[in-house]
Amino acid sequence: MTSSARHGLRGLSVLHDPLLNKGTAFTREERAEFGLDGLVPPAVETLDQQARRAYAQYRAQPTDLMKNVYLEAVRDRNEVLYYRLLGDHLREMLPIVYDPTVARAIETYSTEYRRPRGVYLSIDEADGVERAFRNTGLGPDDVDLIVASDAEEILGIGDWGVNGGAGITAGKLAVYTAAAGVDPGRVIPVALDVGTGNERLLGDPAYVGNRHPRVRGEAYDAFIDAYVRMATRLFPGAMLHWEDFGPSNGRRILERYTGHIATFNDDMQGTGAIVLAAMIGALRAAGTRMRDQRVVVFGAGTAGIGIADQLRDAMVRDGLSHEEAVRRIWPVDKQGLLTDDMDDLRDYQRPYARPASETAGRHTGLAEVVDRVAPTMMLGTSTAHGAFTEPIVRAMAAAVDRPVIFPLSNPTERIEAMPADLLRWTDGQALIATGIPVPPVTYDRVTHSIGQANNALLYPGLGLGVIVSRARRVSDGMLHAAAGAVAGMVDVSAPGASLLPQVDDLREVSATVATAVAEQAAREGLARADLKDPARQVRDAMWRPVYRPLREG
């Protein structure tokens with residue numbers, strides 16, 4: 001729903017709507033027609049002029065957190081200006097509006113509370129879900145995307161209740177718009193407030209969420225079901241995105257709904273798909289096939305197993321049976337190599353648990369697994385800083401010509417190994433992608449560009465492709481098409497080439513991904529839209545931060 005079609009407002013009401021407000025850029029005709037004379041300064045400025053001033057104000061902020069606060073203030077009053085700033089300086093501002101700075105903003109959300117954004121659904125008022133959605137004033141054809149979070153596992157900082165639910169969903173949607181042109185007037189961020197286990201929040205007088213422990217079990221499931229049922233009934237064309245759910249709920253929720261509606265979990269599917277994209281590049285550089293890989297996943301949580309799922313499916317597509325593909329993956333967690341005799345495994349870990357006979361009942365750590373398996377690929381999602389030690393890496397490199405090593409944990413203080421060390425320990429032969437931005441590394445006169453496995457390279461385009469195709473659901477084939485599209489945007493033939501695109505031009509990456517996703521949806525019979533020219537339809541659908549003529553709705 002675009003701003004020019006929705007308002008019917010005048011005077012201060014126009015200025016208070018961030019999708020309508022242009023500030024000093026209102027023309028003289030608009031000021032006269034909509035009762036704005038005298039409510040803004042007399043100068044009529046362009047968006048370019050406003051953006052230059054706003055960027056100078058942004059640069060003047062003393063800390064990254066204050067930069068985040070400043071940008072949110074701009075977003076609260078003028079979304080076009082906000083997205084123009086973000087688009088002009090995306091590489092610089094992406095870490096400010098999302099990971100890692102958004103984590104700090106979430107921690108202070110209640111104490112710095114300024115303006116509600118989106119919908120807040122409380123488990124204590126589960127019968128109010130419909131009323132809350134209807135209060136947005138949005139109709140069945142007005143919403144393309146809903147991002148929801150119960151905030152149990154926020155960006156490595158844990159349970160942050162309504163602070164996290166509100167902050168992470170708004171941040172995620174900002175990236176959808178900046179990177180893929182998803183219309184900010186056609187999205188809803190949803191905070192699913194089921195309580196919190198964070199004692200700091202429960203004891204904070206300023207906390208704006210439910211003041212009770214996190215609800216689980218049947219009541220939780222019924223609340224999630226009420227949300228899904230109402231969201232899909234009121235907004236039948238919207239994709240439902242799940243963000244930062246805990247391991248006990250995230251996979252279970254996705255598996256419950258994924259075959260019936262268009263739904264997506266970025267922590268599992270998005271992370272798996274972007275790592276698969278980097279893997280495709282690594283295989284091209286190494287000249288090997290997916291079916292021939294031996295993969296050690298260090299950190300077998302939702303992200304690690306989500307990656308394992310994508311790699312397993314890729315092996316199956318390359319000719320292995322499902323069982324053979326599973327047996328080529330070795331999951332290692334804090335209890336060592338996961339084996340089928342362990343009684344503390346989660347449901348999603350069990351398919352990858354190795355036979356107990358492989359360990360004879362002993363704890364088998366990462367070093368011993370690498371010695372025994374001679375993996376071709378080693379992935380880190382453990383948050384255990386320095387876990388990929390020199391002896392482990394050298395042992396891997398001794399058995400493999402081009403070892404694929406992806407230390408994916410972030411931030412920097414949690415990464416399993418730094419690329420410079422990995423290159424040194426492998427005599428420059430390692431193929432590397434990381435979860436953090438890393439500057440180029442020169443080893444033996446070759447400069448290596450280190451690709452960042454940043455989900456923002458994939459999920460915005462995936463969402464746009466679903467929106468344009470009006471896909472009934474998000475299939476494994478669509479995820480694979482997204483990964484292949486990302487991988488296809490880099491040339492890995494040159495020594496030291498990055499395995500992934502850079503984030504400088506996310507809109508171009510997103511357009512390519514969206515086109516591939518829409519085409520795959522059509523091939524699978526999942527598209528409800530008539531896709532005569534998917535590439536053109538994708539670009540036509542991309543919202544751009546420009547001022548549009550204000551006219552009566």
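Select Arg470 to start: at 40% relative accessibility, this residue of the predicted model counts as partly exposed, because that class lies between the 20% and 50% cut-offs. Arg470 sits in the loop joining helix H19 (459-469) to helix H20 (476-487). Check its backbone: phi is positive, about 50°, although Arg470 is not a glycine.

Go next to Ala151, in the loop between strand E2 (145-149) and helix H9 (161-180). Here too phi is positive, about 60°, in a residue that is not a glycine. Is Ala151 buried or exposed? With 0% relative accessibility, Ala151 counts as buried.

A third loop to display is the one between helix H6 (90-97) and helix H7 (101-107), where Pro100 is found. Show the backbone from Asp99 to Pro100: the peptide bond is cis, with omega near 10°.

Now select residues 217-234, helix H11. Its 18 residues reach 26 Å from the first C-alpha to the last, close to the 26 Å expected at 1.5 Å a residue. Buried residues of H11 include Tyr220, Phe223, Ile224, Tyr227 and Leu234. To see what covers the buried residues of H11, add strand E1 (119-122), helix H8 (129-134), E2, strand E3 (187-193), strand E4 (239-242) and helix H12 (250-257), which are among the covering elements.

Move to helices H3 (residues 47-59) and H4 (residues 64-77), whose axes come within 9 Å and cross at roughly 150°. The two helices are therefore roughly antiparallel to each other. Show side chains for the contact: Ala54, Gln57 and Tyr58 from H3, and Lys67, Tyr70 and Leu71 from H4. By class, the residues of this contact are 4 nonpolar, 1 polar and 1 charged.

Then colour the open sheet of 7 strands, ordered E8-E7-E6-E9-E10-E11-E14, with mixed pairing. Which strands stand at the edges? They are E8 (336-337) and E14 (451-452); each has a single partner strand, so one side of each is left without a neighbour in the sheet. Zoom in on E10 (residues 404-407) and E11 (residues 431-434), which pair in the parallel sense over 2 bridges. Val404 stands opposite Leu431 of E11.

Finish with two helices that lie across strands of this sheet. Helix H13 (residues 266-286) lies across E9 (377-380), E10 and E11, running at about 155° to E10. Helix H16 (residues 366-373) lies across E6 (295-298), E7 (329-333), E8 and E9, and runs at about 165° to E7.

Conventions. Residues numbered from 1 in each chain as written. Predicted model: local features only at pLDDT ≥ 70, side-chain atom pairs only at ≥ 80, totals over all residues. Heavy atoms only, no water. Helix = DSSP H or I, 4+ residues; strand = E, 2+ residues; numbered from the N terminus. Expected span 1.5 Å × (residues − 1). Buried < 20%, exposed > 50% of the residue type's maximum accessible area, 1.4 Å probe, protein only. Contact = heavy atoms within 4.5 Å. Axes fitted to C-alpha atoms, helices over the stretch in contact; angles between N-to-C directions. Parallel < 35°, antiparallel > 145°, perpendicular 65-115°, else oblique. Nonpolar A, V, L, I, M, F, W, Y, C, P; charged D, E, K, R; others polar. Pairing = 2+ DSSP bridges.
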